[in-house]
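Reader: Hey, got a minute to walk me through this one? I'd like the overall picture before we get into details.
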Amino acid sequence: MGDKGSIIEQLEAVTHAFIAQLPTRADEVERQWLGLQQQPDNRERWQDLYRLAHNLAGGGGTFGFSNITDAARLVADLLRTALKEQQPLAALAENQQLELYLHQLQELCRYPAGNHNSAQPVAENRLLTEVSPSRLGYLYSTKPEQYAALSNNLQGMGIEIERFDQCDLLQAAILENSPLFVLVDIAQCDTMGFLHDHSHPPMIAISRTGDFSTRLKAVRSGMDGFFVEPVDGVTLLNFVDTLLPQAWGMPFRVLIVDDDRSQAEYAALVLERAGMITCVVNDPATIIEQLTAFSPELLLLDIYMPQCSGIELAQLVRQMTQYVNVPIIFLSAEHRRDRQLAALQVGADDFITKPIIAKELIAAVNLRAWRARMLNWVMLRDGLTGLLNHAVIMERLQHAVAIAQRQKEALSIAMIDLDHFKQVNDQYGHPVGDRVLAACSRMIQQRLRGSDAIGRYGGEEFLVILPATESAQALVVLDELRIAFSTLRHTANGETFRVQVSVGIACYPQFKTASQLLEAADAALYRAKREGRNRVVIGGPVG
Ligand SMILES: Nc1nc2c(ncn2[C@@H]2O[C@H](COP(=O)(O)OP(=O)(O)OP(=O)(O)O)[C@@H](O)[C@H]2O)c(=O)[nH]1
């Protein structure tokens, strides 16, 4: 099921087939209704009409025609009640409400094109929307003084702020420019109705007070975050990072274990359609290999399987320490709440009852996978800079060297150290030093490729790993970065200052192991410092 192209093609094919037979279904509805005008006491015919509506409601939901689902459900609900309560069938044939519902349903089936909302599941998954990397932030506020304070604070971090005081202009600008985030003055929060209809960048409420009712107002307006003024730029950008597609843009990877092939394939189709990557396992005995090969971010387990139960499988997975944090969702026809609770006690996170409702499944998987990814993100990152922490960047280095060896390709690493940083702390204070560190980290992130790994190696020292990069290329990239650093203006106590960096580079295959690379980059950095700072030096003879 990993082949996304074929999944989408399959899905398009079945959707087209569904659309193609909608007009015929409309005719059938009409024929049944007219027939029932002649034979109102024919219970079987009423039941046929009920089944027709019921199927349209299901199919409409599956294939993205929510209007058809809504209309068909009105018909099906009305008919089910009437048939169950043994209401007089002749009266049903004269029910004007039913006639109206049926008419709406026929219209929607005959002209389905304008009603398709197939993009909805993907759009609902905000994390998957592509927003181009941007250095633009928007402020929606009628107060110019708010703009001045924020703009000052964020300019030092390389972010430009634009203010809007009209919602429609803001909305148009968001669609056109995809800013990094939108700050919304709490007074304007309740005018942001469009948030519910579209995907959008992180929307963050700002307010002078952080009391319960103000925060609640922000939540109810659909805000993604809340900051009390004065807004600290570093904290704000770190928070935005946790919501951004760079951090979350990769599709979720879901492993589905179900001995019932059709159920498993259906769940996989639904999730793939919402932009996720799935792997279906019908034989629970192969789960260990699949966990290693696929490295899922979430497990969807059927409870009742002949060979071993989903509950046993969840226990088995939880006993493998590397999967302790992977969310597990049970999928089962079990409706008894006590059984469901017992199942959850083995360490699962949620329980979805069959038959699968696509929307519910997508929402549950999205929520759990997103939470797990966010926790992971926080655990792997350095709190001040948002870069990978020391342990993680060291692990990435080992990994990058192994790949370079296997693929027989180049690899460069660079150690970046701020020059005379102690003076910044001494002169302006530690909090200003922190802000400078955060601004520099952001600049490295903005300038390097997504495939490069960037970590905080020590206090004011960063380690960058550039896969498939020769020393000459690394030199060019790092020197551009050095120049960009020296042009960044920082402000403190009304003064403006600049900070420079020294860089030491080392490259594979000149240096063969992670520790040799680190040693060589460190020695090169030392040379850069000794030779006058604000320069880039390559370790060993230049390749
Ligand atoms: N504000 C702040 N300062 C830090 C942090 N981590 C390390 N530092 C400071 O970074 C400074 C490093 O000082 P030194 O190692 O003497 O180096 P330097 O002043 O940058 O001089 P050179 O590296 O030789 O150019 C020390 O003052 C540390 O306190 C941090 O997280 N925040």
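Author: Sure. Helices here are DSSP runs of H or I with at least four residues, strands are DSSP runs of E with at least two, and both are numbered from the N terminus. On that basis the protein chain has 22 helices and 17 strands. It's a predicted model, so local features need pLDDT of at least 70 and side-chain atom pairs count only at pLDDT 80 or more, while totals for chains, interfaces and linings use all residues. Residues are numbered from 1 along each chain as its sequence is written.

Reader: What share of the protein chain is buried?
Author: Buried residues are 37% of the 543 in the chain. A residue is buried if 20 or more other C-beta atoms, placed from the backbone, lie within 10 Å of its own, exposed if 12 or fewer do, and partly exposed in between.

Reader: And how many of the contacts join residues at least 24 apart?
Author: Among contacts between residues at least 6 apart in sequence, 64% do. A contact means two C-beta atoms, placed from the backbone, within 7 Å.

Reader: OK, the ligand. Which residues are closest?
Author: Asp-419, Phe-421, Lys-422, Gly-433 and Gly-459 are the closest of the 16 that surround the ligand. To be near, a residue needs its C-beta atom, placed from the backbone, within 6 Å of the molecule. Two or more shell residues come from each of β11 (411-418), α19 (421-428) and α20 (430-447).

Reader: Which element gives the largest share?
Author: α20, with four residues.

Reader: What's the shell like by class?
Author: Seven charged, five polar and four nonpolar residues. Nonpolar covers Ala, Val, Leu, Ile, Met, Phe, Trp, Tyr, Cys and Pro, charged covers Asp, Glu, Lys and Arg, and the others, Gly among them, are polar.

Reader: Staying on α20, is Gln-445 buried or partly exposed?
Author: Gln-445, which sits in α20, counts as partly exposed because it has 18 C-beta neighbours inside 10 Å.

Reader: New topic: which residues touch the most other members in the largest nonpolar core?
Author: Val-184, Ala-414, Val-464, Val-503, Ile-505 and Ala-521, out of 81 residues in that core. A nonpolar core is a set of buried Ala, Val, Leu, Ile, Met, Phe, Trp, Tyr and Cys residues joined through C-beta atoms within 7 Å. Helix α22 (residues 514-530) supplies the largest share, seven residues.

Reader: What does α22 offer at Leu-517?
Author: Leu-517 lies in α22 and is buried because 27 other C-beta atoms are within 10 Å. Beyond four places in sequence, Leu-517 contacts Ile-413, Ala-506, Tyr-508 and Phe-511. Its C-alpha is 8.6 Å from that of Ser-412, although the two are 105 residues apart in sequence.

Reader: What does UniProt list for Asp-302?
Author: The unreviewed entry has it as "modified residue: 4-aspartylphosphate". UniProt positions follow the numbering used here, feature names are shortened, and annotations may be inferred rather than shown by experiment.

Reader: Where is Asp-302 found, and what does it touch?
Author: Asp-302 is in strand β8 (residues 298-302). It counts as buried because it has 23 C-beta neighbours inside 10 Å. Not counting residues up to four places away, Asp-302 touches Val-257, Asp-258, Asp-259, Asp-260, Gly-310, Leu-331 and Ser-332.

Reader: Last one: how many buried residues are in α14?
Author: Zero among its eight residues (287-294), so that helix is hardly covered, given the burial definition. Ser-295 follows α14 and has a positive phi, near 35°.
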